[in-house]
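Visitor: I should like to learn how to read a structural model, beginning with its overall architecture and then turning to single elements. Could you guide me through one?

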Amino acid sequence: NQLLVEMDGFGVNEGIIVMAATNRVDILDPAILRPGRFDRKVMVGRPDIKGREEILKVHAKGKPLSEEINLQQIAQTTAGFTGADLENLLNEAAILAAKDNRVFLKQDDIKKAFVKVGIGAEKKSRVISEKEKRITAFHEAGHAILFHVLPDVGPVYSVSIIPTGSAGGYTMPLPEKDEMFNTKGKMLQNIMVDLGGRIAEEIIFKDVTTGASQDIKQASKLARAMVTQYGMSDRVGMIQYGSDEDEVFIGRDLAHTKSYGNEIADVIDEEVKRIVDECYTKAKNIILEHEDVLHSCAALLIEKEKIGQEEFEALFKNHEPVMHNDGEM
């Protein structure tokens, strides 16, 4: 990801080792990659939790850290971050400390920097109506309940209704471990979490807002990937039908046409809709079972604007599953 070296042929240079790096190996000339040119290919992915902790230690040098700072926990919360992301995280935290006229970093600096780097800067200056605040509180509570209840996507690290970037609030999970592979079950659970905000709005207000547009986009994209890329639809089968993401690069594929007909396209669309609809039904049932938590979480968010893992999980201690009219939980 650091450097792209372009080569159009090289002579015999005894004793010279040529190294190159690219983040788009798929568009390199096959002549460069044939045997005898580059004899070793090393895939450098994003760092795992141990790698992130070691990278954080490197970038923490020269930055006085308070004793409360736990680099292991920071590594745990930053799944998917590259080395550059982690460097940026600590630099942003240092800026926050400097603004507060402190020479040392606190855990709170890193938490705020994480929100800014991962989601967007908090906009506490924005004036929000009580109605909008209440809608956002229930929306985020819907996401949070699903993160907590579903086994493969949580637990919840923090929930906020303070506007950040273009979002009205956020719910941040705490991944307990890095996993190389995603599973069908986990992807379905992620779709359910994405739909949780909209579902909560429907249950409480009998109406919906435009605030779930990004959630719907994410859910749709994931469901389509399950059908067209990962062979997770029995009806479509284990055939990759491609995605729009890699179709156009430097204008090379502007004339690209679909490699499948309208009938297959219709089946794909039907399968994507089926997956999203089934996830919606399951997610709605879970939120209805925890409707008391939905109300108590929203009330706490309206009062405090931001809550952490312990405060959120405490809401489930006195929870009793809600019985539906048909006698099922």
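Guide: We shall go from the whole chain to one helix and then to one residue. Please note that the model is predicted.

Visitor: How many helices and strands does the protein chain have, and in what pattern do they follow one another?

Guide: The protein chain contains 11 helices and three strands. Along the sequence their order is α-α-α-α-α-α-β-β-α-α-α-α-β-α. Of its 329 residues, 35% are buried.

Visitor: What span should helix 5 have, and why?

Guide: The span follows from a rise of 1.5 Å a residue: helix 5 has 12 residues (107-118), so 16 Å is expected, and its end C-alpha atoms are indeed 16 Å apart. Just after this helix, Gly120 adopts a positive phi of about 140°.

Visitor: Which residues of helix 5 are buried, and what covers them?

Guide: The general idea is that an α-helix has 3.6 residues a turn, so residues three or four places apart point the same way. In helix 5 the buried residues are Gln107, Asp109, Ile110, Ala113, Phe114 and Val115. Their cover includes helix 3 (71-77), helix 4 (83-99) and strand 2 (170-173).

Visitor: Is Thr171 buried or exposed?

Guide: Burial is judged by relative accessible area, with a cut-off of under 20%. Thr171, which lies in strand 2, has a value of 14% and is therefore buried.

Visitor: Which side chain makes a polar contact with that of Thr171?

Guide: The partner is the side chain of Glu140, at 2.7 Å. Beyond four places away in sequence, Thr171 also touches other residues, including His143, Phe147 and Val156.

Conventions:
Residues are numbered from 1 along each chain as its sequence is written. This is a predicted model: local features need pLDDT of at least 70, side-chain atom pairs count only at pLDDT 80 or more; totals for chains, interfaces and linings use all residues. Side-chain values use heavy atoms; hydrogens and water are left out. Helices (H or I, at least four residues) and strands (E, at least two) are DSSP runs, numbered from the N terminus. The expected span of a helix is 1.5 Å times one less than its number of residues. Buried means under 20% relative accessible area, exposed over 50%, partly exposed in between (1.4 Å probe, protein chains only). Contact means heavy atoms within 4.5 Å. A polar contact is a pair of N or O atoms within 3.5 Å; within protein, one must be able to donate a hydrogen and the other to accept it, and residues adjacent in sequence count only if both atoms are side-chain atoms.
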